[in-house]
Amino acid sequence: MATTLITGGTVVSATGRGAADILVDGERIVALLEPGTTALGANLAETVDTVVDATGKYVIPGGIDAHTHMSMPFGGTTASDDFESGTRAAAWGGTTTIIDFAVQKFGERVQDSLDTWHKMASGQCAVDYSFHQIIGDVNDESLAALRRLPDEGITSFKLFMAYPGVFYSDDAQILRAMQIGANTGLLTMMHAENGPAIDVLVEQLLAEGKTDPYYHGIARAWQLEEEATHRAIMLADLTGAPLYVVHVSAKQAVAQLAAARDRGRNVFGETCPQYLYLSLEDNLGAPGFEGAKWVCSTPLRSRREEHQDQVWQALRTNDLQMVSTDHCPFCMKGQKDMGIGDFSKIPNGIGTVEHRMDLMYQGVVEGRITLERWVEITSTTPARMFGLYGRKGVLAPGADADIVVYDPDGHTSIGLGKTHHMNMDHSAWEGYEIDGRVDTVLSRGKVVVAEGEYRGRKGDGQFVRRDPCQYLI
Ligand SMILES: [Zn+2]
């Protein structure tokens, strides 16, 4: 087995930082050592196969993006990153594990959908991956299949309160699924927006000739996110199911989560970089059809209402626990442009999997979060939330050697033809300048990114079975 020593860096965890060398043997970390440790009188650096010089840099556990949609079917098209291109982009950006979503559509069997996603991902991925299960058709058969998911290493499932006729579950279906969540240890993930109400507003706006991408944000009003978040919390409260609300963007929804947590409930929330940096006015409201680049759901919120600052604040106070991307890219040409003249036909999604670690590091640079909190919300908490902690999310003996060397003196310019490796014809982050740079990435002991070069191969990444949520109160 090959040995690697990462030397000279500052190791940062969710709880602190300090100088240490990390010794890797094969796929695992075997020791954290005092810098310059000798072995039987020899300098350790001279006895290992590979030395990674991390002098002046941070050494952190590899990023875990717990919300991606590679090859996701949506609105008559398919997300433009598949498991190969999407996980390679993830590796470039310091993310060494993704958790994607297997999609059970209406009328399909859960097991068949899971098999389909296994087939799509197997042998394709650059980094490790797992799945959550989307239940798009709650019925007796799918509920029975839900109970068996932990045997497959899948410990979380997602329901939608939005998209009637596609993925939507009504309150009765949500209640029944959450009852299973309560007594199987499966974590219920919720897309919390009031879909039927949104559909009425969409129809009315289109009838008034309001067809631009901007109106996507108007139809998906914050009241409908707050209401659905509250309803999900109450149903979880009633059933005793732990609840995880995905892509929280409205400050009022954050307040609902905070109130539930103040009552001691197992209620959690993630947000995404787009809700911290981008806005209804600046992005969705861009001239012409350009705003389509930023059509995603939940939508970008108004800068005037200061949602962005409140969401940052919630990340600081742990009212929101972690940051995922909801990576679901579509090209402008041939995909987003299906919605010219009708914003409701624009495929929903933004591509961010490559930029999450950098964009969140920018929060450290700007004094919004600490260095330790950066590691916590991008790696350690995602690992605990989704049953990977110990193997992932921590640099400790026995853990997988998923390691990122991050250069605080480096610089990242985001945009097409720069550091962009996602399969897209544009970037939602064009022009963003980050003070910091991913320097070296190890995935289970193998150097996959170094010296500005991708050294991995498709198939390096393996399916990871997950334990139940390790974050419950
Ligand atoms: Zn999503």
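**Exercise 1. Are His 67 and His 69 buried or exposed?**

Solution. Keep in mind that you're looking at a predicted model.
- Step 1: Fix the cut-off, where buried means under 20% relative accessible area and exposed means over 50%.
- Step 2: Apply it to the pair, and both His 67 and His 69 come out buried.
- Step 3: See what these two residues hold on to: His 67 (NE2) and His 69 (NE2) coordinate the zinc ion together with Asp 326 (OD), at 2.1 to 2.2 Å.
- Step 4: Write the donors of the zinc ion as a pattern along the chain, and you get H-x1-H-x256-D.

**Exercise 2. Find the order of the strands in the open sheet, and work out why β10 and β19 each have one side without a neighbour.**

Solution.
- Step 1: Walk across the sheet and you'll pass 8 strands, in the order β10-β13-β14-β15-β16-β17-β18-β19.
- Step 2: Check the pairing, which is parallel.
- Step 3: Look at the edges, where β10 (63–68) and β19 (322–323) each have a single partner strand, so one side of each has no neighbour in the sheet.
- Step 4: Now add helix α14 (residues 371–385), which packs on the sheet and touches β10, β16, β17, β18 and β19. The direction of α14 makes about 65 degrees with that of β10.

**Exercise 3. Describe the surroundings of strand β15 (residues 156–160).**

Solution.
- Step 1: Start with β14 (residues 128–135), which pairs with β15 in the parallel sense over 2 bridges. Here Gln 133 sits opposite Phe 157 of β15.
- Step 2: Turn to β16, which runs parallel to β15 and is joined to it by 5 bridges. For Leu 159, the bridge partner in β16 is Met 190.
- Step 3: Trace the connections. Helix α4 (residues 140–148) lies in a right-handed β-α-β unit with β14 and β15. From β15, the chain then goes through helix α5 (residues 171–184) to β16, in a β-α-β crossover that is right-handed too.
- Step 4: Check how covered β15 is: 5 of its 5 residues are buried. Ser 156, Lys 158 and Phe 160 are on one side, with Phe 157 and Leu 159 on the other, so to speak a strand with both faces covered.

Key. Residues are numbered from 1 along each chain as its sequence is written. This is a predicted model: local features need pLDDT of at least 70, side-chain atom pairs count only at pLDDT 80 or more; totals for chains, interfaces and linings use all residues. Side-chain values use heavy atoms; hydrogens and water are left out. Donors are N, O and S atoms within 2.8 Å of the metal (3.2 Å for Na, K and Ca); water is not among the atoms, so sites may look incomplete. Buried means under 20% relative accessible area, exposed over 50%, partly exposed in between (1.4 Å probe, protein chains only). Two strands pair if DSSP finds at least two bridges between them. Helices (H or I, at least four residues) and strands (E, at least two) are DSSP runs, numbered from the N terminus. Contact means heavy atoms within 4.5 Å. Axes are lines fitted to C-alpha atoms, for helices over the stretch in contact, and angles run from 0 to 180 degrees between N-to-C directions. A crossover is right-handed if, with the strands pointing away from the viewer, the path from the first strand over the helix to the second runs clockwise.
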